[in-house]
Amino acid sequence: MNSDDLKWINQCISDNKDEEGGTPAIIRAYCICMNEKMDDSETRSVTEWENSNPDARKECEKQAGWK
């Protein structure tokens, strides 16, 4: 994980902080999972990317324990 990854993960955490069922630990795990699924050359934010990749979103929600 590099500084660019951290920037996107922190943005994802901020974008999801008010989502129902999302504790800080769950949101962090979810955002790390989503970031890892994204290609290194991706220019969209995690939040933008997740909207066009619902299967990845569901998988990361499950992996993070988000209900």
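## Aromatic pair

In this predicted model, a search of the whole structure returns one aromatic pair. Its members are Tyr 30 and Trp 66, arranged edge-to-face, with 5.3 Å from centre to centre and 85° between the planes. Tyr 30 belongs to helix α2 and Trp 66 to the segment after α4, so the pair ties together parts of the chain that lie 36 residues apart in sequence.

Tyr 30 and Trp 66 are both buried. Tyr 30 is also listed among the residues with the most contacts inside the largest nonpolar core.

## Charge over a ring

Another ring, that of Trp 8, has a charged group over it: the charged end of Lys 7 sits 4.4 Å from the ring centre.

## Nonpolar core

The largest nonpolar core is made up of 16 residues. Within this core, the most contacts are made by Tyr 30, Cys 31, Met 34 and Val 46. Two or more residues come from each of the helices α1 (3-16), α2 (24-37), α3 (46-51) and α4 (54-64). Helix α2 is the largest contributor, giving six residues.

In soluble globular proteins, nonpolar side chains tend to be buried together.

## Disulfide between α1 and α2

The structure contains two disulfides. One of them joins Cys 12 to Cys 31, with an S to S distance of 2.1 Å. The link is left-handed, at -75° about the S-S bond. Cys 12 lies in helix α1 and Cys 31 in helix α2, 19 residues apart, and the pair thus links distant parts of the chain.

Both ends of this bond are buried. Cys 12 counts as buried because its relative accessibility is 1%, under the 20% cut-off. Cys 31, at 0% relative accessibility, counts as buried for the same reason.

## Disulfide between α2 and α4

A disulfide also joins Cys 33 to Cys 60, with an S to S distance of 2.0 Å. The angle about this S-S bond is -75°, and the link is left-handed. Here too the pair links distant parts of the chain: Cys 33 is in helix α2 and Cys 60 in helix α4, 27 residues apart.

Cys 33 has a relative accessibility of 4% and therefore counts as buried. Cys 60 is buried as well, with a relative accessible area of 0%. With bonded cysteines counted along the chain, the disulfides follow the pattern 1-2, 3-4.

## Surroundings of Cys 31

Cys 31 appears both in the disulfide with Cys 12 and among the residues with the most contacts inside the largest nonpolar core. Setting aside its neighbours within four places in sequence, Cys 31 is in contact with Ile 9, Cys 12, Ile 13 and Asn 16. Cys 12 in this list is the disulfide partner of Cys 31.

Leu 6 is also located in helix α1. From C-alpha to C-alpha, Leu 6 and Cys 31 are 9.9 Å apart in space, and they are 25 residues apart in sequence. Leu 6 counts as partly exposed, because its relative accessibility of 36% falls between the 20% and 50% cut-offs. Cys 31, by contrast, is buried at 0%.

Key:
Residues numbered from 1 in each chain as written. Predicted model: local features only at pLDDT ≥ 70, side-chain atom pairs only at ≥ 80, totals over all residues. Heavy atoms only, no water. Core = buried A, V, L, I, M, F, W, Y, C linked by side-chain atoms within 4.5 Å. Buried < 20%, exposed > 50% of the residue type's maximum accessible area, 1.4 Å probe, protein only. Helix = DSSP H or I, 4+ residues; strand = E, 2+ residues; numbered from the N terminus. Contact = heavy atoms within 4.5 Å. Phe/Tyr/Trp six-rings, centres within 6.5 Å; stacked < 30°, edge-to-face > 60°. Lys NZ or Arg CZ within 6 Å of the ring centre and 35° of its normal. Disulfide = S-S within 2.5 Å.
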